[in-house]
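Trainee: Could you take a close look at the packing inside this model, starting from one well-connected residue, and then follow the picture outward to the sheet, the charged pairs and the backbone?

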Amino acid sequence: MRVSDHDTFDQRPAVPAKPTVDGLEDVWVRRWADGDVYRFDRTRPRAEIYSIDTPPPTVSGSLHVGHVFSYTHTDVLARFQRMRGKAVFYPMGWDDNGLPTERRVQNHFGVRCDPSLPYDPAFVPPEKPGKEQLPVSRGNFIELCERLTVEDEKAFEELWRLLGLSVDWSHTYQTIDARARRTSQRAFLRNLARGEAYVSEAPTLWDVTFRTAVAQAELEDRERPGAMHELTFARPGGGEPVTIATTRPELLPACVAVVVHPDDERYRALVGDELRTPVFGVDVPVVAHRLADPEKGSGAAMICTFGDTTDVTWWRELALPTRPVVGRDGRIVWDVPPWVTSQTGRTAFEALAGATVHTARERVVELLGDAGALLSGPRPITHPVKFYEKGDRPLEIVTTRQWYLRNGGRDADLRAALIDRGRELSWHPDSMRVRYENWVGGLNGDWLVSRQRFFGVPIPVWYPLDTNSEPRYDAPIVPDEAMLPVDPSSDTPPGYDAAQRGRPGGFVGDPDVMDTWATSSLTPQIAGGWDDDPDLWSRVFPMDLRPQAHEIIRTWLFSTVVRAHLEDGVLPWRHTAISGWILDPDRKKMSKSKGNVVTPVELLRQYGSDAVRYWAASGRPGADTAFDVGQMKVGRRLATKILNVSTFVLGLGEPGASARVGRPLDRAMLASLADMVRTATDALEGYDYTRALEAAERFFWDFCDDYVELVKSRAYGPDTGAADDEGAGSARVALRLALTVQLRLFAPFLPFATEEVWSWWQDGSVHLAAWPEPGELTLEAGVEPDPGAFATASALIGSVRRAKSEAQLSMRSEVERASVRGPSADLDAIRQVVADVQAAGRIGEIGIESDDDLEAPAVTLVI
């Protein structure tokens, strides 16, 4: 009879003759849901609750095996804490706002957002995307985003259930629904009221494809081919021209100064004078700054607004003018700048107007050659170029108005406080703390939180318009918290009516949305009910655990610390458990963008969820781990062995009412198991799930291969030739006790196989059973056992097997006599277990001799 024949935990099936791991997921996923096994008990006091700030996966397509890897780690810890008696708050979130969702919607429906279009309540997307994306209003576009994310979330939930995540599915959250918008806007308004949020017109890293600002945490350097060019800047009063080396000659019309190092003797006399840019004929000052590198090129560099982040630093610290020539579309602006005054320069600029950066570069190089101002180049080089982590084109730096949140990048005291927060946090592994400290210590600006996108949480701000319909950005209009959530593009601010939108003396809404991390940094608040469920909030915050990958320490972990520190003056959680990446066979990170990911559903079906979880839990905390089907096969073998050995143990029948653990080998095995329980428990308390699994697995195979074989004939009882009832009873009690302990030890790792076996002979769910304690085993063992006796017995039966193998005998072959020799210190242990070794080895007579030349006991067969 299979467990699938029963619908409740109260019905106990018969022990199957030939158990299998196949199909267990379908049975137990349903029964766990029907039995509400993982329901969070919100009536418990905070001291009895373990709360997890679960990572919300990005809902923009399919999950890959990397998600399975890291979420298994979290689930192991959640299951352990539940068995330790805690009410586990383990919600699941869906990160469904931001650019990934927008891109998926654009590709799936064949549309693009055009905010200038009016909302069409009757809009229906095309059945098949066309070659050209159909423009739709912002309202229609957001509806399509919401529609697609709902479908994706259902598929994600099915996969998480199949994996066996012990999530309470009545506690889910999104990063774009009404609760998330209200929570994000409330937190933003409080930041604004305290002066932590501010708006500024400043140089901004800009992705020209997505037309949005990019924060420092979203940058990545990519090695790209480029070219070095050497230009000559003339001295207006005559004299030797100055050589400038640059990789971006197209920014020559944006040049505002030439910079040299203050200690460079070659140019010290030039500082304060002017040079004239070639082709465009603009006079610019020579300035000194410590960041100029005398060893790089000629030692003199042009400062443009803006070629890179060093230009921004020079511009800010030297108080230089702004002369932008690259627009938000990544093209050279159409109008000739007012600082280019000569006819030659204006004509040259007109040749660049509207061109892409690449084309403008080619044209400027040609113009430089014609003017005789190109000394050398283009000389091919390879250099790091900054990209948006989700983008395909190099970033530009343009001047825009953006919202910022203070994060210590420009405040030494706040920076120090946030570094101290990182030191309060318990890191698992501890080595990951340095990544946090390096990031905070290297910040060069505040957190840019506004984005020029559509599917996100709107910045909850309007601006009054003056008599010329110009926004007054220094006097923002904010809503009352009771109004939240609001959308300034459609809602009306307090004190105005809808007819005043865009009119002189009226108002205009802020068009931007928040950076996705500005919402995800509030996952404890969103999931924990900060805004609308104060009772829940008081029970779960600060949370106990933040699990996440190491590459987003700088984004998700740090930003969440910032928000909790600013709002509540605390850490958002006590512990953080860091997972590594999954690597492909070439040791490269698996990612959708690289096309080397493996989708998990087929793996889960082919090898079983327990097998895949075993592979995941074998990856050490914080370490990058290779994708390894071989490890999954090992996990499947382990799960199958648990079923099979359980069938044997339970098939022996109940021990007698008076049976107790009295034999030395049985007591020694339980004492060894107690030691292993201590090791596994300490490992899991320290968030080292891999060490706990290794300890449990190592003992389990010794238990199966050695102990079960050693006591098998005794456990069967007198009817099959065993010595007596006392011996059989001792073995059966020890076997069952060891089995129940090991099922609970493996339950967090292999939830399906362990639950299946538990259902054959125990009430309720193994996942609600108490985590094993060493005292369960030492109390049953009675007199003080000798743990070393189990190791001695294992060594002896192993020696018997080797001897039979060398003699080319079957393991079931009977042997007339054997002698055991061993160090004198081991003789007591040998005498305690020799009878079981004799029975398991099918040895007629056995003698024991002392031999201190041996390091371990050895058996010699007399054939």
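Mentor: Let us begin with F703, which, leaving aside residues up to four places away in sequence, touches V645, M669, V708, L735, A738, Q742 and F790. Please keep in mind throughout that this is a predicted model. F703 and its contact L735 are the residues with the most contacts inside the largest nonpolar core, a set of 125 residues. Helix 19 provides the largest share of this core, namely 15 residues. Apart from it there is a second, separate core, with 36 residues, and among its members are L270, V279, V284 and V326.

Just before helix 19 the backbone does something that deserves a careful look. Y687 sits in the loop that leads from helix 18 (664-685) to helix 19 (689-716), and its phi is positive, about 65 degrees, although the residue is not a glycine. Most residues other than glycine have a negative phi, and most peptide bonds are trans. The relative accessibility of Y687 is 5%, so it counts as buried, the cut-off being under 20%. A319 makes a useful counterpart: it also has a positive phi without being a glycine, in this case about 55 degrees, and it is found in the loop between helix 6 and helix 7 (343-350). Here, however, the relative accessibility is 68%, and A319 therefore counts as exposed, which requires over 50%.

Two peptide bonds also call for attention. T305 and F306 are joined by a cis bond, with omega at about 0 degrees, and F306 belongs to the loop between strand 14 (301-304) and helix 6 (309-317). The other cis bond joins F541 and P542, with omega at about -10 degrees, and P542 is placed in the loop between helix 13 (534-540) and strand 23 (543-549).

Strand 23 takes us to a sheet, so to speak, on the next step of the route. The sheet is open and has three strands in the order 17-24-23, paired in parallel fashion. Strand 17 (426-428) and strand 23 are its edges, and because each has a single partner strand, one side of each is left without a neighbour in the sheet. From one strand to the next the twist averages 20 degrees. Strand 23 and strand 24 (residues 573-579) run parallel and are joined by six bridges; to give one residue pair, Q548 has I578 in strand 24 as its bridge partner. Across strand 17, strand 23 and strand 24 lies helix 14 (residues 553-568), which runs at about 160 degrees to strand 23.

What remains is the charged side chains. Side chains of opposite charge can pair when their charged atoms come close, and the count of salt bridges in this model comes to 58. One of them involves helix 13: R42 and D535 form a salt bridge whose closest N and O atoms are 3.2 Å apart. This pair links distant parts of the chain, since R42 lies in the loop between helix 1 (24-34) and strand 1 (49-51) whereas D535 is in helix 13, 493 residues apart. R42 has a relative accessible area of 28% and is partly exposed, and D535, at 34% relative accessibility, also counts as partly exposed.

A local pair gives a contrast to set beside it. E157 and R161 form a salt bridge with the closest N and O atoms 3.0 Å apart, and both residues lie in helix 4 (residues 138-163), four residues apart, or about one turn of the helix. E157 is partly exposed at a relative accessible area of 24%, and for R161 the value is likewise 24%, again partly exposed.

R248 and E396 offer another arrangement, their side chains meeting in a salt bridge at 3.0 Å, N to O. R248 is located in the loop between strand 10 (242-246) and strand 11 (255-260), while E396 is in strand 16 (residues 396-405), so the pair ties together parts that are 148 residues apart in sequence. R248 counts as buried at 14% relative accessibility, and E396 counts as buried at 7%.

Finally, there are salt bridges that join into a network, which links R179, R182, R186, R190, R194, E196, E481, D531, D532 and E567.

Technical notes:
Residues numbered from 1 in each chain as written. Predicted model: local features only at pLDDT ≥ 70, side-chain atom pairs only at ≥ 80, totals over all residues. Heavy atoms only, no water. Helix = DSSP H or I, 4+ residues; strand = E, 2+ residues; numbered from the N terminus. Buried < 20%, exposed > 50% of the residue type's maximum accessible area, 1.4 Å probe, protein only. Pairing = 2+ DSSP bridges. Axes fitted to C-alpha atoms, helices over the stretch in contact; angles between N-to-C directions. Contact = heavy atoms within 4.5 Å. Core = buried A, V, L, I, M, F, W, Y, C linked by side-chain atoms within 4.5 Å. Salt bridge = Lys/Arg side-chain N within 4 Å of Asp/Glu carboxyl O.
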